[in-house]
Amino acid sequence: MELKDRYYTVLDALPEHTFIFSESGVYIDVYGGEDNATGFDCKQFIGSSLYDVAPAEMAEKFHSYIKKALETNQVQLASYKFDTDNMIELPDHVIAPEQIWFEATIKPIPLIENGERTVVWIAKNITERHLLEKRLKELSETDDLTGIANRRAFTEELRGALKRFQTANSPFSVLMLDIDHFKQINDSLGHYCGDEAIQFTVNLLNKKLTGSDFFGRIGGEEFAIILWDSGIESAYQKAEELRRLLESSRFVAEEKKIKLTVSVGVTEVRESDDNIKSIMARADTAMYHSKKTGRNKVSRFFSSHEKKSCHAE
């Protein structure tokens, strides 16, 4: 076997797809890829441009990686996916996967092709790893009992909401809710019924929330909700809807119909907020005002009432 043929044999045996791209985004060579489970070796792309093979937006993004690697003379790393809505051109015999994720290493190489600089692009199939990481992330951010966000996930979402408010002036409000007399349920019916009461409350309230509202369990029988694009008045009205919905429903445990209610505190983000603690503290103060003044009610936190902690309606 000639040395050139030996090299090609070795290159084609590489587990990941290895592409040589020109500066303009043309496929110069393609090697390997058996472990990437794409169903074809991609050699048919040789001589074509990224813009002929991939959707326009994706081709532009891939081309930017190539140009940046050449401009900086540094290795670039990228993760990307193909799915049924965003797929490169496939041969007729290849069935498009629902999604396939890749991790790319793009490195400049000292090779000039048709007067253009080139890069080597090594693509590794990371679909299994990505889906596992995604699942682990979901598990780490989901409350086991209710399926809604846990305290950690809610805190991160609230930090993101505050950052968007600070950069794009996107308003939002926060509701803090606590199931009234919950200890009595645990003490009289047991913790199993207490868990069912929590699940009942979450499932019921979730029906009144929109897909954009962010619902989290902060701990025990306490919950919090982020309402996007909502001032304190509209948030108050939403909180009242939730309160009335639960009040008018009945939780059945051991053949007993039990009336569940919540005390709610409402606040909106302020220009003076520089961390989420101040937001949570206001909502929490308002909620405890509801508790102290009779329960099963909604209290709003107002600046003019800060010395009195909050104002209840």
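1. A starting point for reading this note: a residue is called buried when its relative accessible area is under 20%, exposed when over 50%, and partly exposed in between. By that cut-off Arg243 is buried, because its relative accessible area is 10%. Please keep in mind that this is a predicted model.

2. Arg243 has a charged partner worth a look. Its side chain meets that of Glu240 in a salt bridge, with 3.1 Å from N to O. Glu240 counts as buried too, at 11% relative accessibility. The two sit three residues apart in helix α8 (residues 232–247), so about one helical turn separates them. The pair belongs to a network of salt bridges that links Glu240, Arg243, Arg244 and Glu247.

3. How many salt bridges does a search of the whole structure find? The total is 16. One of them joins Glu103 to Arg129, with the closest N and O atoms 2.9 Å apart. Glu103 is in strand β4 and Arg129 in helix α4, so this pair ties together parts that are 26 residues apart in sequence. Arg129 also forms a salt bridge with Glu133, at 3.6 Å between the closest N and O atoms. Here the partners are four residues apart within helix α4, which means a separation of about one helical turn. The three residues count as partly exposed: Glu103 at 30%, Arg129 at 37% and Glu133 at 43%.

4. Staying with α4, I would also point you to a nonpolar patch on the surface. Leu132, Leu136 and Leu139 form this patch and together have about 290 Å² of accessible area. Leu136 is placed in helix α4, which covers residues 127–141.

5. Helix α6 (residues 182–189) has a nice two-sided pattern. Phe182, Ile185, Asn186 and Leu189 are its buried residues. Viewed down the helix axis, they fall within an arc of 105°, so they line one face of α6. On the face turned away from that buried side are the exposed residues Lys183, Gln184, Asp187 and Ser188. The packing partners of the buried residues are β6 (172–179), α7 (191–206), β9 (251–253) and β10 (256–258). Just after the helix, Gly190 takes a positive phi of about 100°.

6. Helix α7 holds Thr201, a buried residue with a relative accessible area of 1%. Leaving aside residues up to four places away in sequence, Thr201 touches Ile179, Leu246 and Leu260.

7. Two asparagines deserve a glance at their backbone. Most residues other than glycine have a negative phi. Asn114, though not a glycine, has a positive phi of about 55°, and Asn296 has a positive phi near 50°. Are their surroundings buried or exposed? Asn114, in the loop between β4 (99–113) and β5 (116–125), counts as exposed at 72% relative accessibility. Asn296, in the loop between α9 (276–292) and β12 (298–300), counts as buried at 19%.

8. Another loop residue to check is Thr84, found between β3 (76–83) and β4. Thr84 counts as exposed, at 56% relative accessibility. Thr84 and Ile100 are 16 residues apart in sequence, and their C-alpha atoms are 9.7 Å apart in space.

9. Finally, the cysteines. A search of the whole structure finds zero disulfides. Cys42 is buried, with a relative accessible area of 4%, and Cys193 is buried at 6%.

How values were computed: Residues numbered from 1 in each chain as written. Predicted model: local features only at pLDDT ≥ 70, side-chain atom pairs only at ≥ 80, totals over all residues. Heavy atoms only, no water. Patch = residues over 30% accessible without salt bridge, like charges linked within 9 Å, V, L, I, M, F, W, Y side chains within 5 Å. Areas by Shrake-Rupley, 256 points an atom, 1.4 Å probe, with all protein chains shown as cover. Salt bridge = Lys/Arg side-chain N within 4 Å of Asp/Glu carboxyl O. Disulfide = S-S within 2.5 Å. Buried < 20%, exposed > 50% of the residue type's maximum accessible area, 1.4 Å probe, protein only. Arc of directions from axis to C-beta. Contact = heavy atoms within 4.5 Å.
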